[in-house]
Amino acid sequence: MVVAILLVAVIIGALAYYLLRPPASQPVPEKRPFTKIIFASTQLSQPQEQSFTIGLLSALLNEKNIQAVFVPLGYSDMVSKLKAEVSSGSVSVSLIGGLSTEIDYFASQGWLEDLSRYGTLPGRTFTSSVMNVVEQQKKQYGIQTFVPWMTATFVIVVNNKAFDYLPAGLTKEDVIKGTDKWTWDALVAWAKNIYEKTGEKRVGLPAGSGGLLHRLIHGYLYVSYTGYQARKFNSPEAVAMWNKLKELWNYCHPESTTWSAMADPLLKGDVWIAWDHTARIISAIKTKPDDFTVVPVPRGPAGRGYILVLAGLAIPKGAPNPEAAWEVIEFLTRPENQARIAENVGFFPVVKEATPTIVDPGVKKVAEGVSTQMSVADGIPVAIPSLGAKAGDFVAMYRTAFERIVLKGEDASTVLSQLDPQLQAIFRDLNIQAP
């Protein structure tokens with residue numbers, strides 16, 4: 001009996017100890033030291049963009065104890081600052097945001113760190129077109145100069161009514177996916193078919209004084225027909241391109257020469273097929289997302305030329321906090337943050353995982369079209385040439401050619417042979433090769 005009582009007492013004591021013992025000490029994650037970095041950027045400099053960016057970056061303070069101070073700078077100011085700081089060895093900026101063409105210049109001056117030492121960023125797949133730009137700079141400078149950040153481009157928007165008038169041999173899937181059948185010839189046939197069936201010219205181009213028609217000509221048509229923006233400005237391939245544009249113009253809405261942006265003509269139903277910058281059509285698609293489809297541009301004999309406006313993130317050589325800067329790069333390229341950037345400031349994701357997380361149906365539709373355009377196998381992405389003060393002269397060559405060849409009906413060969421010496425002189429004066 002006594003033994004039994006003692007046994008029960010031992011069991012009760014053991015249970016009491018087990019239940020009432022103090023909790024074992026758990027390892028407490030070491031708090032990351034507070035780090036403050038300067039993030040200088042030529043992008044997202046408008047007030048609304050700045051406000052959004054500062055709000056987005058504020059999450060880093062709670063998550064990583066990093067305060068990223070966003071400092072918008074003009075390109076010339078950025079160049080002056082980096083040149084002075086890197087050459088003196090007293091660098092204050094830890095992270096740079098800028099266009100890929102701007103970063104290309106920084107790399108050419110030896111101002112950037114090699115980002116390949118940080119490895120890959122898991123959970124995100126950068127599109128092939130943006131990685132091509134990264135690889136081009138890597139091949140040229142021997143280092144990874146930047147990580148893609150965000151992008152913008154020009155696309156074609158189709159009112160879904162237009163798909164009822166596709167020409168023979170061209171399907172809706174061809175257009176949406178950008179197959180070999182979706183060509184500039186096919187677009188002309190489609191526009192002609194709409195006109196013959198409805199009596200209306202339903203293609204719209206932003207050919208007004210404030211429109212960006214010149215970007216269509218040098219960055220899309222010229223590249224699709226000649227493989228270059230300016231190098232083969234006066235060539236048989238270019239003459240064929242201009243004749244095709246003249247043909248298309250026969251079915252363009254007569255008010256195209258007054259339009260600077262295509263959102264309103266699309267919303268009003270004046271046009272069913274329009275080409276323009278994503279920022280200039282997105283309001284129409286956000287207003288009526290079910291009415292429109294965003295598709296890749298057509299291809300030409302040389303491929304599917306398109307302008308890729310690519311912004312990237314880089315770390316300057318001698319940056320005071322490069323590890324924290326890499327943490328910010330990781331944060332900004334997360335798919336969910338890429339989606340927030342698209343929804344709030346209209347720059348589109350560079351990682352494929354971001355588009356499905358976009359909530360706004362209109363923004364998501366544009367992002368899908370941009371992603372498809374950037375993923376087509378025959379794409380020839382080009383950058384707008386960085387010509388400084390001569391940028392206006394460059395644009396004027398294409399606008400003048402359009403006015404003389406398409407609007408006034410002058411012979412393409414004659415016009416191109418007269419303008420070409422002036423165009424090539426721009427690049428010769430700048431001592432750079434014509435793109």
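**Exercise 1.** State how far apart the mean positions of the positive and negative charges of the protein are.

Solution. The protein has 41 positive and 40 negative charges, and their mean positions are 1 Å apart. Lys and Arg are taken as positive, Asp and Glu as negative, with His and the chain ends not counted. Each charge is placed at NZ of Lys, CZ of Arg, CG of Asp or CD of Glu.

The model is predicted: local features need pLDDT of at least 70 and side-chain atom pairs pLDDT 80 or more, while totals for chains, interfaces and linings use all residues. Residues are numbered from 1 along each chain as its sequence is written, and side-chain values use heavy atoms, without hydrogens and water.

**Exercise 2.** Decide whether the protein is a compact globule or more spread out.

Solution. Start with the elements: 17 helices and 9 strands, which are DSSP runs (H or I, at least four residues; E, at least two) numbered from the N terminus. The radius of gyration is 28 Å, well over the 22 Å from the globule rule for 435 residues, so the protein is more spread out than a compact globule. The radius is taken over C-alpha atoms, and the rule is 2.2 Å times the number of residues to the power 0.38. Along the principal axes, the C-alpha atoms fill a box of roughly 115 × 60 × 35 Å.

**Exercise 3.** Describe the surroundings of Asp420.

Solution. Locate Asp420 in helix α17 (residues 412–430). Next, Asp420 is buried (under 20% relative accessible area, 1.4 Å probe, protein chains only). Asp420 has no salt bridge (side-chain nitrogen of Lys or Arg within 4 Å of a carboxyl oxygen of Asp or Glu). Arg428, the nearest side chain of opposite charge, is 8.3 Å away. Finally, leaving aside neighbours within four places in sequence, Asp420 contacts Phe233 and Asn234 (heavy atoms within 4.5 Å).

Methods
Buried < 20%, exposed > 50% of the residue type's maximum accessible area, 1.4 Å probe, protein only.
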